[in-house]
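Please open the model in a viewer and keep the sequence panel visible. The tour below proceeds by selection, from the whole chain to single residues.

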Amino acid sequence: MVARAYTVAFEGVEARLVEVQCAVSPGLPAFSIVGLPDKAVSEARDRLRAALVSMGVALPSKRITVNLSPADLPKEGSHFDLPIAVALLAALDVLPRDAAEETVALGELSLDGRLVPVIGALPAAMAAAEADRALLCPKASGAEAAWVGGTQVLAAPDLAAVVRHFTGQSPLAPAEPGEVTGGDTIRDLSDVKGQERAKRALEIAAAGRHHMLMVGAPGSGKSMLAARMAGILPPLSPAEALETSMIHSLAGLLDEGGISRLRPFREPHHTASMAAIVGGGRGAKPGEISLAHNGVLFMDEFPEFPRQVLETLRQPIETGEVVVARANAHTKYPCRFLLVAAANPCKCGYLADPARACARVPQCGEDYLGRISGPLMDRFDLRVEVPPVAYADLDLPATGERSATAAERVGAARARQTARFEGRQGMRVNADAEGAVLDEIATPDVEGRALLAQVADRFGLSARGYHRVLRVARTIADLDGSDGVHRPHVAEAVSFRLSVGER
């Protein structure tokens with residue numbers, strides 16, 4: 001008779017239910033695993049045999065066959081150890097078969113029977129909830145998986161505890177959700193001397209999730225400003241935390257006993273490959289743009305990134321999702337991130353300083369920033385010049401407002417947007433608004449429309465640029481506490497839209 005247990009196989013952020021079938025039949029002693037397993041799954045039999053020996057359980061001298069169904073779905077990872085063990089013990093009548101069939105299990109076995117944490121506990125809990133089954137996982141993964149309130153999560157320290165639970169000797173207590181609390185950040189906005197315009201742009205970008213490009217000489221504070229973006233963003237809502245943590249769970253980034261409500265801040269190096277940024281590689285894993293979902297993606301030395309990498313950002317910025325297509329995988333990941341890019345004005349970096357600029361000014365600046373294509377540049381809502389700060393200003397005491405003050409304004413603006421887009425699918429902030437919804441919420445007054453018409457005629461705004469100005473103006477109005485979009489809001493939005501040479 002065949003015993004059954006359940007586990008999951010991952011396809012992007014989705015976890016597909018896999019039935020683990022185990023049959024113990026007469027014949028030459030053998031232990032085979034079928035159903036398209038990879039090397040890590042095939043090696044489960046050796047880990048399982050050693051773990052059972054450490055518990056004093058000997059395998060019978062019979063033929064043991066484990067099938068992972070559906071058989072045409074690739075099975076990858078060491079998390080198949082525990083479900084195979086549960087199915088085998090049920091086939092040997094050590095565990096009740098009906099209890100094994102009501103459980104989705106995942107976990108890696110060590111040779112002494114301890115359960116090692118694995119990636120993907122959060123998506124697995126979602127799949128278990130949808131299938132109306134309990135989730136059995138290692139103890140270290142329980143706090144993460146328990147965030148899914150629709151299912152019971154049982155976190156066991158070792159295989160012996162699993163046996164005692166199923167036999168009723170010592171039932172496992174349901175796991176409690178854990179939350180990682182970030183410590184007080186030392187990166188405060190008050191540390192930045194001067195740069196008031198850049199700080200204002202940072203606040204607008206945080207309030208409406210608008211993409212931002214900073215151009216300035218080396219040492220002017222671009223990276224310093226970007227690092228303080230995390231301090232003014234509101235914490236993740238429960239729904240956003242679940243979305244983001246599912247991706248981080250698959251990437252193995254949830255290793256502190258729970259999930260975090262802090263927005264992710266990713267800063268890849270400019271030598272990163274396209275697979276690292278967008279996603280891909282073996283198994284089509286999520287890239288930096290997906291790991292920054294609901295958070296910030298900071299790309300310093302923006303023109304130094306390979307041209308192919310920069311151009312692949314264009315579609316994800318617009319759609320909020322990326323499809324990683326490979327020969328053996330076709331996976332979709334969400335990637336609604338706030339892009340903050342920083343660049344020097346030219347290769348030497350001192351375009352605006354006659355005493356230090358190279359002999360190729362201004363051609364060197366045009367060539368350097370020309371590495372950023374026009375269509376990609378058009379996707380930046382805010383373009384800010386960051387001038388160098390004089391030494392005399394650096395020597396003065398800090399007088400700027402703290403991050404907490406700016407965070408209050410950003411939080412209030414985000415609250416207005418949450419109320420505005422309540423019930424609208426796929427819209428949370430002003431940057432998501434489009435079509436009729438954008439016309440409804442961001443159409444300026446008569447004076448604002450007249451100004452926008454003049455700007456469009458004088459500077460040739462594209463249709464995308466026109467709509468992005470409206471979105472930024474709506475965010476500025478939210479920061480101002482205004483129900484309507486007026487001429488001053490449009491004027492400020494336009495000033496951030498134009499490039500330095502057009503002002």
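The stops that follow describe a predicted model.

**Whole protein**

Begin with the entire chain in cartoon representation. The protein has 503 residues, of which 50% are buried. Its secondary structure comprises 22 helices and 20 strands. Along the principal axes, the C-alpha atoms fill a box of roughly 85 × 50 × 45 Å. Among contacts with a separation of 6 or more, 72% are between residues 24 or more positions apart.

**Helix 5**

Select residues 121–130, which form helix 5. Of the 10 residues in helix 5, 7 are buried, so this helix is largely enclosed by the rest of the structure. The buried positions are Ala121, Leu122, Pro123, Ala124, Ala125, Ala127 and Ala128.

Next, center the view on Ala127, a member of helix 5. Its relative accessible area is 8%, and Ala127 therefore counts as buried. Which residues does Ala127 touch, not counting those up to four places away in sequence? They are Val8 and Ala15. A distance can also be displayed from Ala127 to Glu14: the two residues are 113 positions apart in sequence, while their C-alpha atoms are 8.1 Å apart in space.

Just beyond the helix, select Asp132, which follows helix 5 and has a positive phi, near 60°.

**Helix 5 against helix 10**

Add residues 238–250, which form helix 10. Two packed helices are described by the angle between their axes and the distance between the axes. For helix 5 and helix 10, the angle is about 120° and the axes are 7 Å apart. Helix 5 is therefore oblique to helix 10. To see the contact, show side chains for Ala121, Leu122, Pro123 and Met126 of helix 5, together with Leu242, Ser245, Met246, Ser249 and Leu250 of helix 10. By class, this contact has 7 nonpolar and 2 polar residues, with no charged residue.

Remain on helix 10 and select Ile247. Is Ile247 buried or exposed? With a relative accessible area of 1%, Ile247 is buried. Beyond its neighbours within four places in sequence, Ile247 is in contact with Val13, Pro286, Ser290, Leu291, His293 and Pro334. For His293, 46 residues away along the chain, the C-alpha separation from Ile247 is 8.5 Å.

**Helix 8 against helix 21**

Clear the selection and choose residues 196–208 (helix 8) and 463–480 (helix 21); their axes lie 9 Å apart, at an angle of about 100°. This angle makes helix 8 roughly perpendicular to helix 21. Helix 8 contributes Arg200, Glu203, Ile204, Ala207 and Gly208 to the contact, and helix 21 contributes Val472, Thr475, Ile476 and Leu479. The contact divides into 5 nonpolar, 2 polar and 2 charged residues.

Step back to Gln195, in the loop between strand 10 (179–180) and helix 8. Gln195 is not a glycine, yet its phi is positive, at about 55°. Its relative accessible area of 11% makes Gln195 buried.

**The cavity**

Now turn on a display of internal voids. Rolling a probe the size of a water molecule over the atoms shows where empty space is left. How many cavities of 30 Å³ or more does a search of the whole structure find? The search finds 1. The largest cavity holds about 30 Å³ of space. For its lining, select Arg209, His211, Pro316, Ile317, Gly320, Cys335, Arg336 and Phe337. This lining consists of 4 nonpolar, 2 polar and 2 charged residues.

**Loops to inspect**

Three loop positions complete the tour.

- Leu36 sits in the loop between strand 3 (30–34) and helix 1 (39–42). Although Leu36 is not a glycine, its phi is positive, at about 60°. Its relative accessibility of 46% places Leu36 among the partly exposed residues.
- Pro70 belongs to the loop between strand 4 and helix 3. The peptide bond that joins Ser69 and Pro70 is cis, with omega at about 5°.
- Glu76 lies in the loop between strand 4 (63–69) and helix 3 (81–91). Glu76 is partly exposed, at 34% relative accessible area. Apart from neighbours within four places in sequence, its contacts are Asp38, Val41 and Gly283. Glu76 and Phe10 are 66 residues apart in sequence, with 8.2 Å between their C-alpha atoms.

Methods
Residues numbered from 1 in each chain as written. Predicted model: local features only at pLDDT ≥ 70, side-chain atom pairs only at ≥ 80, totals over all residues. Heavy atoms only, no water. 1 Å grid on protein atoms, 1.4 Å probe; cavity = no way out; pocket = protein on both sides within 12 Å on 5 of 7 lines; lining within 4 Å. Points joined across faces, edges and corners; volume = space filled by probe spheres on them. Nonpolar A, V, L, I, M, F, W, Y, C, P; charged D, E, K, R; others polar. Axes fitted to C-alpha atoms, helices over the stretch in contact; angles between N-to-C directions. Helix = DSSP H or I, 4+ residues; strand = E, 2+ residues; numbered from the N terminus. Parallel < 35°, antiparallel > 145°, perpendicular 65-115°, else oblique. Contact = heavy atoms within 4.5 Å. Buried < 20%, exposed > 50% of the residue type's maximum accessible area, 1.4 Å probe, protein only.
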